[in-house]
Amino acid sequence: MPTSPTHRPSHPLLLPRPGHPERPGPGTLAAHVLLTGGGACWTDRRHAPRVALVHCGPYRLLRGDPALLTPERLAPLARGQFSAPDPFLPLLGRTFDPVLPWIRVVLVQRDRPRRRPLPAGVRLRPLTPADAPLLEALPAELRWLTETWRSARALAGSGGAWGAFVAGRPVALAVTHLRGLAHEDLAVATAPEYRRSGLGLACVLAAATAARHRGRLPSWTAPSSNGPSLALAAAAGFRPVHQEPGYWAGPATDHGPAIDRGPAVTTGAVTAPTASAQALHSPVL
C-alpha cells in the first residue's frame, strides 16, 4: 500500500539514515515507490534485508549483496535504466544483452531562474484529479511523463503536475517524476510544434515552486550528452551537484520466468515494467 506523504518511511538499505542525507536524482526512487505506491520494492527477507530491488516505470535500483540476486529475478526488468553499485555489474552482464553505460548529471535548483512572459493565448495551471482523462489521452511525445506514477489520476492529483494549455489542449507539461523525502526530481516534455517557445521552462518553474512549497528541493537528472535538457535546467536555475553512472539494460538473455525464492517485501502494484527507449528522454525548450 502507498505510504501517506506525511509519514516518513524507513528502510535500512534504501532510504537515508542519520548522517547520510538523501541524494537527489535516482537516489530518490525508493522513497518515491514507498510514498506514492507506484512501482515495487523487493527484498530478500522482511527483517534485516540483505539485498533490495526497486523498480518504477523505466527505472531500477539495486542495493545490498549482489550474490543474493539471480538472473532469473532480474530478467523481467529488461529494457530499463539501472542504478547499481559496481559489484552488481557482473550480474547485469549475465542477465541482459547489451548493458550500455552512460553518465547522468544530477542538478538542484540553486539560482534565480530566467523567467519569460507567456505568449498570448497560453494558460499555465496545475493539474487536478479532473485532468486524469487528459493525461490518459496524451500523445506519445508527452505520455512517458506518467510512467512513474501508479495511474494518471495519481499524478493528476499529486500537486506535482503543471501544464501550459493552448485552446484547452496541453502543449507542455512538467511533473514530479520522482518524489523523494527531501527532493522532487522534475521532468518536462513539450509538443514538437511548441518547442523553444519557453513553455517547457514556464511549466518547470511552476512545478519547482510547488515542490518548494511542499518542503522539498527541486532536482533534475539528464544524460551528460543531452544538451537541450541541461540547457533548460540551467535556464530554470538548476546547477550540477554530482554525476553518476547509469546502465541501460537491453533484452534479457534466456533465463525463463522469475522464481519466487522465499520471503519478500513488495510495495505498490507489482506489474511488468513499461520501460522504453523514451527512458533517455530529451526535453527541450
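Start by selecting helix α8, residues 227-235: this helix lies across β5, β9, β10 and β11, and runs at about 160° to β10. Keep in mind as you look around that this is a predicted model.

**Stop 1: a threonine on β10**

Now pick T221, which sits in strand β10. Is T221 buried or exposed? Its relative accessible area is 15%, and the cut-off for buried is under 20%, so T221 counts as buried. Show its side chain and look for D185: the two side chains make a polar contact at 3.1 Å. D185 has company, too. Leaving out residues up to four places away in sequence, T221 touches G25, P26, R104, V105, V106 and D185.

**Stop 2: the whole sheet**

Zoom out and colour the strands. There are 11 of them in an open sheet, and you can walk across in the order β1-β2-β3-β4-β11-β5-β10-β9-β8-β7-β6, with mixed pairing. Which strands sit at the edges? They are β1 and β6 (122-126), each of which pairs on one side only. As you step from one strand to the next, the twist averages 25°.

A bit of background: strands of a sheet pair through backbone hydrogen bonds, either parallel or antiparallel.

**Stop 3: the β1 edge**

Go to β1 and its partner β2 (residues 51-56). These two run antiparallel and are joined by 4 bridges. For one pair to click on, A40 stands opposite H55 in β2. Next, select C41, which is found in β1, the strand made of residues 40-43. C41 counts as buried, because its relative accessibility is 4%. Try a distance between C-alpha atoms here: C41 and A30 are 11 residues apart along the chain, and those atoms are separated by 7.3 Å.

**Stop 4: helix α1**

A30 leads you to helix α1, residues 29-36, where 8 of the 8 residues are buried. Select them by name if you like: L29, A30, A31, H32, V33, L34, L35 and T36. What covers them? The cover includes β1, β2, β3 (59-64) and β8. Just after α1 comes G37, with a positive phi of about 80°.

**Stop 5: two hairpins around β8**

Since β8 was part of that cover, select this strand next. In β8, 10 of the 11 residues are buried, so the strand is mostly covered.

Look on either side of β8:

- With β7, the pairing is antiparallel over 6 bridges. F165 has P170 in β8 as its bridge partner. The two strands form a hairpin with 2 residues between them, and A167 in the turn has a positive phi of about 55°.
- With β9, the pairing is antiparallel over 7 bridges. Here A172 stands opposite T190 in β9. This pair makes a hairpin with 3 residues between the strands.

**Stop 6: helix α7**

Select residues 199-213, helix α7. The end C-alpha atoms are 21 Å apart, which agrees with the span you should get from 15 residues at 1.5 Å a residue. This helix is largely enclosed by the rest of the structure, because 12 of its 15 residues are buried. Among the buried ones are L199, C203, V204 and A211.

Why do residues three or four places apart on an α-helix point the same way? The reason is that an α-helix has 3.6 residues a turn.

Move along to G215, which follows α7 and has a positive phi, near 85°.

**Stop 7: the cores**

To finish, show the nonpolar side chains. The largest nonpolar core has 26 residues, and those with the most contacts inside it are A164, L186, V204, W220 and F238. The elements giving two or more residues to this core are β5, β7, β8, β9, α7, β10 and α8. Which element gives the largest share? It is α7, with 9 residues.

Click on A164 for a closer look. Setting aside neighbours within four places in sequence, A164 is in contact with V122, R123, L124, R169, P170, V171, A172, L199 and C203. There is also a second, separate core of 17 residues, including L135, A152, A156 and A189.

How values were computed
Residues numbered from 1 in each chain as written. Predicted model: local features only at pLDDT ≥ 70, side-chain atom pairs only at ≥ 80, totals over all residues. Heavy atoms only, no water. Buried < 20%, exposed > 50% of the residue type's maximum accessible area, 1.4 Å probe, protein only. Expected span 1.5 Å × (residues − 1). Pairing = 2+ DSSP bridges. Axes fitted to C-alpha atoms, helices over the stretch in contact; angles between N-to-C directions. Contact = heavy atoms within 4.5 Å. Polar contact = N/O pair within 3.5 Å; in protein donor to acceptor, adjacent residues only side chain to side chain. Core = buried A, V, L, I, M, F, W, Y, C linked by side-chain atoms within 4.5 Å.
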